[in-house]
Amino acid sequence: FCQFIMTPINQLMRAIIEDQKEKYEKMMQTLGITLKGDDKNLTGKPLMKRTMQIWINAADTLLSMIVSKLPSPRVAQKYRVENLYEGPMDDEAAKAIRACDKDGPLMMYVSKMVPTSDKGRFYAF
């Protein structure tokens, strides 16, 4: 991890902060990072931020993680129905939720998220 991920990131960021233009331009070219337009005039922290946005795009990374780690609604609803629906588990609504049936009855779930003392955790009501 350190050799192939952290060290290159650290070297690139250090070269940008220390304004070693020749070094960071060569590294960026090797990594396939291409600056366009006004981005070419950036220096220091703004250049570092823009470089990371291009190289390791947070939106693409987050979407990739969601797709690869979260179950599909069709799979998830089978075990989530008991937490989402308070009615009888054998009625039409529960069956439609469990089957993820688009033709089932229209339902809406409203929750209130209350932060806990643990950072990043919430109680849902």
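Which residues are exposed on the other side of α2? They are Glu22, Lys26, Gln29 and Thr30, where exposed stands for a relative accessible area over 50%, buried for under 20%, and partly exposed for values in between, with a 1.4 Å probe and protein chains only. Helices (H or I, at least four residues) and strands (E, at least two) are DSSP runs, numbered from the N terminus.

The model is predicted, so local features need pLDDT of at least 70 and side-chain atom pairs count only at pLDDT 80 or more, while totals for chains, interfaces and linings use all residues. Residues are numbered from 1 along each chain as its sequence is written, and side-chain values use heavy atoms, with hydrogens and water left out. The predictor's confidence in each residue, pLDDT, runs from 0 to 100. Its mean over the protein is 89, and 100% of the residues reach 70 or more. Confidence is highest in helix α6 (residues 92-99), at a mean of 94, and lowest in strand β2 (residues 122-124), at 83.

We can now turn to the interior. The largest nonpolar core is made of twelve residues: Ile9, Leu12, Met13, Ala15, Ile16, Tyr24, Met27, Met28, Ile33, Leu35, Leu47 and Met48. Such a core is a set of buried Ala, Val, Leu, Ile, Met, Phe, Trp, Tyr and Cys residues joined through side-chain atoms within 4.5 Å. At least two of its residues come from each of α1 (2-17), α2 (21-31) and α3 (44-55). The largest share, five residues, is supplied by α1. Another core lies apart from this one; it has five residues, among them Val81, Ala93, Ala94 and Ile97.

Helix α2 has a clear inner side. Its buried residues are Tyr24, Met27 and Met28. Viewed down the axis of α2, these fall within an arc of 100°, so they line one face of the helix; the arc is that of the directions from the helix axis to the C-beta atoms. An α-helix has 3.6 residues a turn, so residues three or four places apart point the same way. The cover over the buried residues of α2 includes α1 and α3, counting as contact any heavy atoms within 4.5 Å. Just after α2, Gly32 adopts a positive phi of about 80°.

Helix α3 can be described along similar lines. Its twelve residues reach 16 Å from the first C-alpha to the last, close to the 16 Å expected at 1.5 Å a residue, the expected span being 1.5 Å times one less than the number of residues. Leu47, Met48 and Thr51 are the buried residues of α3. Down the axis of α3, they fall within an arc of 100°, so they line one face of the helix. The face turned away from this buried side carries the exposed residues Lys45 and Lys49. Among the elements that cover the buried residues of α3 are α1 and α2.

Two residues of α3 show how the helix meets its surroundings. Thr51, in α3, counts as buried because its relative accessibility is 0%. Beyond residues up to four places away in sequence, Thr51 touches Leu12, Met13, Ile16, Met28 and Ile33. Met13, with its neighbours within four places in sequence left aside, is in contact with Met48, Thr51 and Met52. Gly44 also lies in α3 and, leaving out residues up to four places away in sequence, touches Ile16 and Ile17. Between Gly44 and Ala15 there are 9.4 Å in space, C-alpha to C-alpha, although they are 29 residues apart in sequence.

Backbone angles and cysteines complete the picture. Most residues other than glycine have a negative phi, and most peptide bonds are trans. Asp19, in the loop between α1 and α2, has a positive phi of about 55° although it is not a glycine. At 49% relative accessibility, Asp19 is partly exposed. Cys100, in the loop between α6 and β1 (113-115), likewise has a positive phi, near 55°. Cys100 counts as partly exposed because its relative accessibility is 30%, whereas Cys2 is exposed, with a relative accessible area of 51%. A search of the whole structure finds zero disulfides, a disulfide being a pair of cysteine sulfur atoms within 2.5 Å.
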